[in-house]
Amino acid sequence: MTMQDMLWNNNTTARDRFVLDNLAACKDCRYSLFSICFRAHWTLVVYDTEIGLWKHNNSIRSLAGIEDKHFNEAMFMVS
């Protein structure tokens, strides 16, 4: 199964295993980086292993009152 299949088919079991395997591989790292491409725009999700915090970095600032679809995709990944 490819990464694309895993995400497009909403295979949460495969996604969770992928994330856990990769987090285990970088157990001595402070930060784990996950790049996301959604609608031809790249954003970055960073996991801080010391404080257990996810941060979403997006170079395009969303407008007040408008749904941020890139943020929604990032939250889908970390949930």
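Biologist: Which residue in β3 stands opposite aspartate 48?

Modeller: This is a predicted model, where local features need pLDDT of at least 70, side-chain atom pairs count only at pLDDT 80 or more, and totals for chains, interfaces and linings use all residues. Residues are numbered from 1 along each chain as its sequence is written, and side-chain values use heavy atoms, with hydrogens and water left out. Aspartate 48 belongs to strand β2 (residues 41-48). Opposite aspartate 48 in β3 stands leucine 53.

Biologist: In what order do the elements of the protein chain run from the N terminus?

Modeller: Helices (H or I, at least four residues) and strands (E, at least two) are DSSP runs, numbered from the N terminus. The protein chain has three helices and three strands. Their order along the protein chain is α-α-β-β-β-α.

Biologist: Which are the edge strands of the sheet?

Modeller: Two strands pair if DSSP finds at least two bridges between them. The open sheet has the order β1-β2-β3, with antiparallel pairing. Two strands pair on one side only, and those edge strands are β1 and β3.

Biologist: How many bridges join β2 to β3?

Modeller: β1 and β2 pair antiparallel over eight bridges. β2 and β3 also run antiparallel, and the number of bridges joining them is five.

Biologist: Which residue takes a positive phi in the hairpin of β1 and β2?

Modeller: Two residues lie between the strands of that hairpin. Cysteine 37 stands opposite tryptophan 42 in β2. The positive phi, near 55°, belongs to arginine 39.

Biologist: And which turn residue has a positive phi in the hairpin of β2 and β3?

Modeller: This hairpin has four residues between its strands. Tyrosine 47 has tryptophan 54 as its bridge partner in β3. In the turn, a phi of about 65° is found at glycine 52.

Biologist: How many of the eight residues of β2 are buried?

Modeller: Buried means under 20% relative accessible area, exposed over 50%, and partly exposed in between (1.4 Å probe, protein chains only). Across the 79 residues of the protein chain, buried residues make up 24%. β2 is mostly covered, and its count of buried residues is six.

Biologist: Which residues make up the largest nonpolar core?

Modeller: A nonpolar core is a set of buried Ala, Val, Leu, Ile, Met, Phe, Trp, Tyr and Cys residues joined through side-chain atoms within 4.5 Å. Phenylalanine 34 has valine 45 as its bridge partner in β2. The largest core has five residues: Phe34, Ile36, Val45, Tyr47 and Ala74.

Biologist: Which residues does tyrosine 47 contact beyond its neighbours within four places in sequence?

Modeller: Contact means heavy atoms within 4.5 Å. Tyrosine 47 is one of the residues of the largest nonpolar core. Its contacts are Leu23, Arg30, Tyr31, Ser32, Phe34, Gly52, Leu53 and Trp54.

Biologist: How far apart are the closest N and O atoms of arginine 17 and aspartate 21?

Modeller: The two form a salt bridge (a side-chain nitrogen of Lys or Arg within 4 Å of a carboxyl oxygen of Asp or Glu). Both lie in helix α2 (residues 12-25), four residues apart, about one turn of the helix. Their closest N and O atoms are separated by 3.6 Å.

Biologist: Is arginine 17 buried or exposed?

Modeller: Its partner aspartate 21 is partly exposed, because its relative accessibility is 45%. Arginine 17 has a relative accessibility of 58%, so it counts as exposed.

Biologist: How many residues apart in sequence are the parts tied together by arginine 30 and aspartate 48?

Modeller: Aspartate 48 is buried at 7% relative accessibility, whereas arginine 30 is partly exposed at 33%. They form a salt bridge, with the closest N and O atoms 2.7 Å apart. Arginine 30 lies in the loop between α2 and β1 (31-38) and aspartate 48 in strand β2, so the distance in sequence is 18 residues.

Biologist: Which residues do salt bridges with shared partners join into one network?

Modeller: Glutamate 50 forms a salt bridge with arginine 30, at 3.5 Å between the closest N and O atoms. Glutamate 50 sits in the loop between β2 and β3 (53-57), 20 residues from arginine 30. At 61% relative accessible area, glutamate 50 is exposed. The network consists of Arg30, Asp48 and Glu50.
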